[in-house]
Amino acid sequence: MEIKIVRNILEKNELSADRVRHYCQERNIFLVNVMGSPGAGKTTFIRSLLPHLSFTASVIEGDIASTIDAKRIADDGYNVVQINTGGSCHLIADSVLQGLADLAPVSNSVVFVENIGNLVCPASFDLGQDIRVLISSVAEGDDKPYKYPTMFQCADMIILSKDDVRDVIGFDLEYYSQGIRSLGIKSPLFPVSFKTQAGLQALTAAFNYRAGEKFRCAE
Ligand SMILES: Nc1nc2c(ncn2[C@@H]2O[C@H](COP(=O)(O)OP(=O)(O)O)[C@@H](O)[C@H]2O)c(=O)[nH]1
Ligand SMILES: [Mg+2]
Ligand SMILES: [Zn+2]
């Protein structure tokens, strides 16, 4: 009985995710689902990329409570809407659809969706995105690919943030990378420090290329 309920929730979400895809297809929106633990650097990733994008961009911020992250994005001068889930630990496609309606992004633009900080269930809820980006920080430890395989497997890009504190933390990059390889993951890994900006250029170039692929296809 319980399993049936869970499946129904996922099936209903899948229908909404299709509606999100339809919305984005009509307007040629490149939708990015940004996932990762609380404090991994999801907001920092979005704010660091925004000034370097080759495309117009806006943001849907998901949080259990508060408008802190949305305010940061708005202060940077970008359009943003905040979704407060009021306790739920992941975003659902219905909320993203509502967020898109409020945001009203221009055609041919990038929309970042910052998911709720959580390494588990956001992996199961399709938001109708073009790509999933996982922000995984050095501070969380080098064993995370072994412990949260689904989250790593579903990511199209894996960002290893806070690389500036790798030595202080005692983070073993080889062990971490081996964990990712052992899952058969082909998605690229980007070690980056949003503090010193080391690695940011390579990440931005790869992201712009990825978004550009969608826009080129639509021409
Ligand atoms: N040293 C360092 N701090 C970072 C880096 N990325 C993010 N932070 C800090 O980590 C904290 C949490 O970042 P935030 O983007 O709010 O995480 P979120 O909860 O995933 O959105 C903030 O104080 C950031 O300044 C990084 O690459 N290096
Ligand atoms: Mg945040
Ligand atoms: Zn959840």
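In the predicted model, His 90 makes contacts beyond its sequence neighbours, excluding residues up to four places away, with Thr 85, Asn 115, Ile 116, Cys 121, Pro 122 and Phe 125. The residue is located in the loop that runs between strand E3 (80-84) and helix H4, the latter spanning 93-103. The relative accessibility of His 90 is 13%, and the residue therefore counts as buried, the limit being under 20%.

Helix H4 is followed by a loop leading to strand E4 (109-114), and Ala 104 lies in this loop. Ala 104 is not a glycine, yet its phi is positive, at about 45°. With a relative accessibility of 51%, Ala 104 counts as exposed, since the class begins over 50%. Asn 108 occupies the loop between H4 and E4 as well. Its phi is also positive, near 60°, in a residue other than glycine. Asn 108 has a relative accessibility of 44% and counts as partly exposed.

The H4-E4 loop is linked by contact to the loop between helix H1 (2-27) and strand E1 (29-36), where Asn 28 is found. Asn 28 touches Asn 108, together with Ser 107 and Ser 109. Further contacts of Asn 28 are made with Lys 214, Phe 215 and Ala 218, where residues up to four places away in sequence are again not counted. At 11% relative accessibility, Asn 28 counts as buried. The C-alpha atoms of Asn 28 and Ala 104 are separated by 12 Å, with the two positions 76 residues apart along the chain.

Helix H2 covers residues 42-49 and is mostly covered, with 6 of its 8 residues buried. The buried positions are Lys 42, Thr 43, Phe 45, Ile 46, Ser 48 and Leu 49. Pro 51 is found in the loop between H2 and strand E2 (57-63). In contrast to the buried residues of H2, Pro 51 counts as exposed at 53% relative accessibility. The C-alpha to C-alpha distance from Pro 51 to Asp 76 is 9.2 Å, for a sequence separation of 25 residues.

Asp 142 is placed in the loop between E5 and H5, elements that span 131-137 and 144-147 respectively. Its relative accessibility is 17%, and Asp 142 counts as buried. Leaving aside residues up to four places away in sequence, Asp 142 is in contact with Gly 170, Phe 171, Asp 172, Tyr 175 and Tyr 176. For Phe 171, the C-alpha to C-alpha distance to Asp 142 is 5.6 Å, at a separation of 29 residues in sequence.

Tyr 176, one of the contacts of Asp 142, is also one of the buried residues of helix H8 (residues 173-182). The others in this helix are Ser 177, Gly 179 and Ile 180. Viewed down the axis of H8, the buried residues fall within an arc of 150°, so they line one face of the helix. These residues pack against strand E5 and helix H5, and also against helix H6 (149-154), strand E6 (157-161) and strand E7 (189-191). The loop holding Asp 142 thus joins two of the elements, E5 and H5, against which the buried residues of H8 pack.

At the level of the whole chain, 9 helices and 7 strands are assigned. The radius of gyration is 17 Å, close to the 17 Å that the globule rule gives for 219 residues, so the chain is as compact as a globular protein of that length. Along the principal axes, the C-alpha atoms fill a box of roughly 50 × 45 × 35 Å. Of the 219 residues, 50% count as buried. Among contacts between residues at least 6 apart in sequence, 73% join residues at least 24 apart.

The accessible surface of the chain is about 10500 Å², and carbon and sulfur atoms account for 52% of this area. The chain carries 21 positive and 26 negative side chains. The centres of these two sets of charges lie 2 Å apart.

Definitions and conventions
Residues are numbered from 1 along each chain as its sequence is written. Chains are lettered from A and ligands numbered from 1 in the order in which they are written. This is a predicted model: local features need pLDDT of at least 70, side-chain atom pairs count only at pLDDT 80 or more; totals for chains, interfaces and linings use all residues. Side-chain values use heavy atoms; hydrogens and water are left out. Helices (H or I, at least four residues) and strands (E, at least two) are DSSP runs, numbered from the N terminus. The radius of gyration is taken over C-alpha atoms; the globule rule is 2.2 Å times the number of residues to the power 0.38. Buried means under 20% relative accessible area, exposed over 50%, partly exposed in between (1.4 Å probe, protein chains only). Contact means heavy atoms within 4.5 Å. Accessible areas come from the Shrake-Rupley method with a 1.4 Å probe; for residues, only the protein chains shown count as cover. Lys and Arg count as positive and Asp and Glu as negative; His and the chain ends are not counted. The place of a charge is taken as NZ of Lys, CZ of Arg, CG of Asp or CD of Glu. The arc is that of the directions from the helix axis to the C-beta atoms.
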